[in-house]
Amino acid sequence: MPGGRMRWLPTIVQGLLLAFVSLGIWDVLFVYEENKCSMTFMFEYPEYLKIKLPRKLSSKYPSYGLYLYREGDSAEAHKDLKVTGIPILFLPGNAGSYRQVRSLGSVALRKAENIHNKFHFDFFSIDFNEELVALYGGSLEKQTKFVHACLKVILKLYKDQKVAPSSVAIVGHSMGGIVARALFTLPNFKPILISLIITQATPHVAPVLLLDSYLLDFYTTVNNHWILKEKDLRNITILSVGGGFRDYQVRSGLTIVPSLGLYNNTLNVVTSAVPRAWLSTDHLCIVWAVELAITTDLEKRMSVLHHHFVNYSEKDSEDNLESSVSFPGSSAMWNEIKTYKWTYNCPEFSAKERRATYFILPLPSEEEPYSNLYCRTTNLEPSNWIYGCLKTNQSVCQEGIDLTGEAELLKMYKIVNFKLEEYRSFSHFVIHISKASVNKEFSIECEFLTATSRMMSTPVTNVLSFGASASRVVINSTGLMHNVQLQDFNQIYQAFEIHVESQCQFIHGKTADVYRFHVPWSHEDSVVTTSVPSSTVIFAKLHRARPPNDSSVPELQLHTARSCRYEITIRTSFFEVLGQLIRFHGVYLPMYVVANILLAFGRQLMHLYSEGHCLDFNVALNEAAKPYKVIPLINLAVFLLRYDWFKEVWSIVLPKIDILILNEHGISYPMISILLFLFGTAIAYWSGIFFRSLLKQLSFLWSIFHRPCIIKKEYEPLNLQSSSIMIFLFVIIWTTCGAVALVLGYILYLFKVLSLQASVQTMKGILNLVPTQETMKKSAMTSSEKEEGGKSETTEYLPEEPEQLCPSSHKLLSVSDVADAVDTLQIHITILHLLNWIILFSAPSFIYWLKNLRYVRRLDPDPCGFVAIILVLTMGVLIHSHSTLVKRSKLLKHTARLQLLLTIAMAAFGLVHLYRVPYFVTLSLVLHALCCLAPQEQSGSVEAPRSSLLLVRVLLTTEDTSEDTSEAADDEPQAGCSNFPAATSSSTEEAAEPSSLQQGTLSGPMPTPTPRSIMLKVQVFTFCLTASLVTLVHTIPLESKDAWKSFENPRNRELFFRTLQAYFSGRGVDVGKFFKSFRMDNRRPFGAASLYPDHISSAFSDYEGQKDSFAAFLKG
């Protein structure tokens, strides 16, 4: 029982790890706030008017196009493509459609109508044929050049206007944003053609998946150009909007525009922090969301962007934020507020009061312990409502400064929080209620407060607490606003569940609280609205880690009601931590999965070398997949790279280690490599189980159409068929793309593995398998101890045994043959595992080529070309390889050990640069192919199949072939083996010589045959092989039984002989003499027929019992 439990322990552990990965993926894909985005609607039918491009341009880019968006009557009026508005160009992203411009164009058209068409926008859109540019970077440069040409075409459409525009604003979705920035890297591009770039969910920092080197080169060129030329490009304004946690395709941390920060010309925000949006949007919703489209005011520059996307005060952005005003005197009502806490609620202000009302709040003196003025309003009309008074006359302010622009819109509240030390030039604060607020429900609440008294701090729980411990904060609110600082919360792997429970004793009317999780180093706030009393859960996690030179702390801001009690509980959310792990590092899991497969492959080859047989993939994975074999060496290299001398030497020979790139992006932390390695082990383990089950099912279907055959042990590395297939695949690579050749080669290899699987299943179903030499010798020694004189009898029969077991003569297959076939299948399945990942990495190129096949036949550039050429040659060698050939190779030991070095190198240089992974896998398979082509070992102990040992022994002991053959024919007791020369048992030397063969090994130097004997040996070998294959094909049963029927039962014995006689009589064989030499006592291990009677009788008893079965009926 303990052994059985230990056997299941790896499966249980791998199952738990896979469950953690699944929970993390589930959290990323499905656990987020409800999709509250509203889709934009059209009032008229949309029209996409295709703009005719110059012939040279259209012929150079036949799959691309340029369109102008119009709706209904507007489309009919502009059929002639006369444009008079402000040009806006929309660039779709990865697999994006030019029709996505509809949401922006429709909203812009409605807003233009609302202002009576004082100005309007002309939305253009480019059709990129929905190319997968996020996965295949070979077309990014082509798209950039086409956009440049389209900009010139668009501006030419306005040449007849009196004041023609000289620039175009660009809105880029996803990869369209990086194409927009890439325009400035073109040699002949004029920066004045673009003044504003708005990018939506664009990965500016790095590609999401780096699957080819062209993506890396493109990103490196663009980001380096913008950093080095930042001064020259300071007049180009960029707004980058991230989608938040709902966008699982492009995490918001990648949407930050890289820059030195010398000029304030970029703004990076997340949709959850955008005023009047406050929503997280998915990767497509970000284009058509009404809330975001309304805030996309393209008229102004940075001030307008800050106004709409950071602090929306509802004051017109073109107005002076702090303009001087004069107040009316007796025509308005003035009320002085002499308390430090003040609330004004409707319906106190009614229609009976026709005059505007002003409330004046004197500033506290510097001696009083107040540092801030906090005010908030609800439902107050969007007008100028708060001022700083410069000059007063009694209780009336005569002159002041408008401070409405300092207000912030936060859900239903408009909020100001003034630091009094910055406003000491004012004597009073003035709050204005206009006549427009008559008979409307609104409220105003103000208080002077001390900031330190409203600020609380608590450390967050450790991420390894798994929610068992908690931090608690209790607030007995007497004010309107409280802040809770979350200490030690600065890493992206941290995630917390914040539970806020509010209880109030006295509540007058409806009261709402607003909770905001504020991250000071990034515009990624999240806002939650709730009623009072309530129990609210907030998930706090980061899009970006805190910069190294920043000491700020995230805050939980609570805009609360007075006289309420708030209890805040902070726990580590284990599920959210897993989600953060997958969100930031899930793209690196493929490398770790492949690394584990390579380790398992190396373990299989090493076991084949040392023990003579190959381990199952999952068993090898459990033995070889150890993080300490890979991770410490990489960490050691990272540590040494801190020294300049080592860094200089390293940079001469090797590229940068990928883990250092993660450190620069702030997403690397201790233990992450070990966790990802373990997750990769779990994925490889269960994918191995699933893939093996899938192959069994497919092989069953394959066996219906293709009859299984016995696996051949001879190997022809470059036969005519393999050579023809390789030449055909090389032609495919040259004329189309490497991915197509890889897919075709993979299909051929899959058919080979299915055929192997079916053959192994058939060979395992054979009932009368010959035991191995070890089993037979053990039985002989046991019998000799029990029987008097057994030693001499045993010695007498030992030399005759190989001759009696000739598979070609007796239609029998040895157990070692089946074991070799299983070893061959195990190796090919592991190779197929590796090929699976190569096909996945090359899939984007294949899809891109397929989508553009009607325009161009050959993919240029082709990221898979080099790998395809090498792999086609390698698969041509490996597809017919056999384990008996591999385990005799002189290179097997070195190939097995090199798998670990390849794994370490791949983990060091292929973590971020995933396009390097196929190169390491290809190198591994090349080394294995060299094992098949390398010279075979001629000495040492190598386990060989039983039939091969027999042939080697027969061929090597032949000096006079004709004489030995005749002697063997005279002495042979059975006719089936008369074709092979046999060693007699009369000679003591010959009896002692095959002792190594009986152990299943070959040892000692092998004699060199003469040319004459070589030709005869080839003829004998060919005849034996042909006879063996022909007879085995006709005698392989399709099923096997584990229950053996005893030969001691007279009924079984009679049934056996009757069936055996009927079976051989139909084939013209007289078995009468065979019965006379057959012993029934089961005491002598090797009878004249060298057969186990119990096994044979059981086989024919099963045959008799099944011949009338339904399966036999189907076979006819």
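Which residues are buried in α11? Let us work through this and some further exercises together.

This is a predicted model, in which local features need pLDDT of at least 70 and side-chain atom pairs count only at pLDDT 80 or more, while totals for chains, interfaces and linings use all residues. Residues are numbered from 1 along each chain as its sequence is written, and side-chain values use heavy atoms, with hydrogens and water left out.

**Exercise 1. Describe helix α11 and its burial.**

Solution.
- Start with the terms: helices (H or I, at least four residues) and strands (E, at least two) are DSSP runs, numbered from the N terminus. Buried means under 20% relative accessible area, exposed over 50%, and partly exposed in between (1.4 Å probe, protein chains only).
- Next, list the buried residues of α11: E576, V577, L578, G579, Q580, L581, I582, R583, F584 and H585.
- With 10 of its 12 residues buried, α11 is therefore largely enclosed by the rest of the structure.
- Finally, check the length. The expected span of a helix is 1.5 Å times one less than its number of residues. For α11 (residues 574-585) that gives 16 Å, in agreement with the 16 Å between its end C-alpha atoms.

**Exercise 2. Do the same for helix α25, and find what covers it.**

Solution.
- Helix α25 spans residues 865-878, and its first and last C-alpha atoms are 20 Å apart, close to the expected 20 Å.
- Of its 14 residues, 10 are buried, so α25 is largely enclosed by the rest of the structure.
- Among the buried ones are V867, L871, M875 and L878.
- The cover over them includes α18 (720-735), α19 (738-764), α24 (815-851) and α28 (917-933).

**Exercise 3. Trace the open sheet that contains β20.**

Solution.
- Recall that strands of a sheet pair through backbone hydrogen bonds, either parallel or antiparallel. Here two strands pair if DSSP finds at least two bridges between them.
- The sheet has five strands in the order β20-β22-β27-β24-β25, with mixed pairing.
- Its edge strands, each pairing on one side only, are β20 (455-459) and β25 (526-531).
- Five bridges join β20 to β22 (residues 481-487) in the parallel sense, and M455 stands opposite N483 in β22.

**Exercise 4. Place three salt bridges in the fold.**

Solution.
- A salt bridge is a side-chain nitrogen of Lys or Arg within 4 Å of a carboxyl oxygen of Asp or Glu. By this rule the count is 11.
- Take E408 and R516, whose side chains meet at 2.6 Å, N to O. E408 lies in strand β16 (residues 408-410) and R516 in β24 (residues 512-518), so the pair ties together parts 108 residues apart in sequence. R516 is buried at 10%, whereas E408 is partly exposed at 21%.
- Then take R603 and E623, at 2.7 Å. They link helix α12 (residues 589-611) with helix α13 (residues 617-624), so parts 20 residues apart in sequence are tied together. R603 is partly exposed at 27%, and E623 is partly exposed at 36%.
- Last come D820 and K887, with their closest N and O atoms 3.2 Å apart. D820 sits in α24 and K887 in the loop between α26 (883-886) and α27 (892-909), so this pair ties together parts 67 residues apart in sequence. D820 is buried at 4%, and K887 is buried at 5%.

**Exercise 5. Summarise the whole protein.**

Solution.
- Count the elements: 37 helices and 30 strands.
- Then take burial: 52% of the 1116 residues are buried.

Terms used:
Contact = heavy atoms within 4.5 Å.
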